[in-house]
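Subject: Structure for your review

Dear colleague,

Please find the structure below, together with its sequence. I would be grateful if you could read the notes that follow alongside it.

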Amino acid sequence: MSQSLKPYLTAVRHSLNASLNLSNFSSQIVERHNYPEIESKKTKEVLLNPITIARNENEKILIEPSINSVRISIKIKQSDEIETILVDKFTGFLTKRAENFLILRRVPVEGYDISFLLTNYHNEVMMKNKLVDFIIEFMEDVDKEISEMKLFLNARARFVAEAYLSVFD
Amino acid sequence: MEQDWRRIDVDAYDPDQQYQPDPIDVPVYTLQALEPKLQQIRGLLSRGSALDSLRLAIDSPPYADEPSVKKQYLLGVLEVLNNIKQTEINGVIKQLTLDEIDVLIKFVYSLMALKEGQKSGGVLLGWFDKTIEAVGEGPVVRYLSDPLKL
């Protein structure tokens with residue numbers, strides 16, 4: 001299973017490297033305004049073709065590029081109900097603090113668990129290769145964290161159950 | 001009767017503002033017309049000439065067709081990509097021209113958006129990585145702004 005992880009991450013890295021060529025683009029519709037075009041979608045000409053990279057049906061990434069912004073949505077692997085709840089809580093924790101993250105989107109795109117919005121301003125302040133590194137690391141770490149949380153959860157549940165039910169023994 | 005007349009997007013009805021994408025000058029095939037081509041591709045594959053079957057599939061894909069026709073074509077291509085062995089992939093990629101590689105990357109991306117393609121995610125990712133290693137990120141950049149979509 002982890003055999004396809006490395007090709008998955010390098011595929012995402014190449015696609016991100018190609019899509020993260022962002023330049024400033026003022027809105028053509030409203031004077032003096034500057035929108036991330038992938039969010040407003042009013043000017044059709046500046047939207048590029050979206051890219052889906054899927055490792056299998058449960059793990060995929062959607063990259064929607066445009067001239068001045070890129071939206072990256074990740075679907076995290078959730079194999080059972082406990083993991084669904086854990087992923088929900090984990091992503092909720094991150095998205096509530098999205099301001100500190102700078103590149104995180106407060107609401108994930110429909111069908112995915114978490115979304116990032118990178119604009120040309122982020123590109124100016126932060127280095128492009130570091131941004132790509134961050135996204136790739138995030139993808140790796142999220143899976144590890146969710147399995148770790150699940151293990152701890154099961155261990156705690158077992159301990160509590162033992163302590164509580166030993167009275168009735 | 002529109003209930004929410006305040007939220008009607010007036011700009012969408014403005015005749016001057018309508019966005020007309022450039023016309024795509026590619027012939028439109030029907031599913032019947034593509035059937036013999038798909039049969040030929042499968043035939044070449046079963047006879048062992050994987051490179052030729054891939055070349056034929058890349059030759060003139062149905063860019064201007066209905067999504068259902070495109071899906072059938074993509075499933076045919078998926079068969080070809082699945083049946084070429086991992087060890088042969090590098091050899092096949094060396095023999096394709098850069099234009100053909102662009103179309104190959106387009107196939108891989110379009111397949112990963114389909115459920116059937118996601119099932120063979122490992123194979124598709126293998127093709128993608130080996131191609132980009134050999135050729136660089138050019139095909140990805142060209143895919144982003146390509147008007148001919150599959």
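The notes below take the two chains in turn, with the sheet and two helices of chain A in between.

This is a predicted model, in which local features need pLDDT of at least 70, side-chain atom pairs count only at pLDDT 80 or more, and totals for chains, interfaces and linings use all residues. Residues are numbered from 1 along each chain as its sequence is written, chains are lettered from A and ligands numbered from 1 in the order in which they are written, and side-chain values use heavy atoms, with hydrogens and water left out.

Chain A as a whole

Chain A holds six helices and four strands; helices (H or I, at least four residues) and strands (E, at least two) are DSSP runs, numbered from the N terminus. Read from the N terminus, the order of elements in chain A is α-α-β-β-β-α-α-β-α-α. Its C-alpha atoms fill a box of roughly 75 × 35 × 25 Å along the principal axes. The radius of gyration of chain A is 19 Å, whereas a compact globule of 169 residues would have one near 15 Å; the radius is taken over C-alpha atoms, and the globule rule is 2.2 Å times the number of residues to the power 0.38. Of the 169 residues in chain A, 43% are buried, where buried means under 20% relative accessible area with a 1.4 Å probe, protein chains only. The accessible surface of chain A is about 9,900 Å², and carbon and sulfur atoms account for 56% of that; these areas come from the Shrake-Rupley method with a 1.4 Å probe.

The sheet

The four strands of chain A form an open, antiparallel sheet in the order β1-β2-β3-β4. Its edge strands are β1 (51–56) and β4 (114–119) of chain A, each of which pairs on one side only. Two strands pair if DSSP finds at least two bridges between them. Strand β3 (residues 69–75) of chain A is joined to β4(A) over six bridges, in the antiparallel sense. A:Val70 stands opposite A:Leu118 of β4(A).

Two helices of chain A

Helix α1 (residues 5–19) of chain A has 15 residues and an expected span of 21 Å, which agrees with the 21 Å between its end C-alpha atoms; the expected span is 1.5 Å times one less than the number of residues. Among the buried residues of α1(A) are A:Tyr8, A:Val12 and A:Ser15. A:Ser15 has a relative accessible area of 0%. Beyond its neighbours within four places in sequence, A:Ser15 is in contact (heavy atoms within 4.5 Å) with A:Ile51, A:Ile53, A:Ile63, B:Tyr109, B:Phe128 and B:Val140.

Helix α3 (residues 81–96) of chain A has 16 residues, and its end C-alpha atoms lie 22 Å apart, in agreement with the expected 22 Å. Its buried residues include A:Leu86, A:Val87 and A:Phe90. The cover over the buried residues of α3(A) includes α4 (98–101), β4 and α6 (128–165) of chain A.

Chain B

Chain B has eight helices and zero strands. Its C-alpha trace spans about 60 × 35 × 30 Å along the principal axes. The radius of gyration of chain B is 19 Å, against a value near 15 Å for a compact globule of 150 residues. Buried residues make up 43% of the 150 residues in chain B. Chain B exposes about 8,800 Å², of which carbon and sulfur atoms supply 51%. Among contacts in chain B between residues at least 6 apart in sequence, 72% join residues at least 24 apart.

Yours sincerely

Key
Buried < 20%, exposed > 50% of the residue type's maximum accessible area, 1.4 Å probe, protein only.
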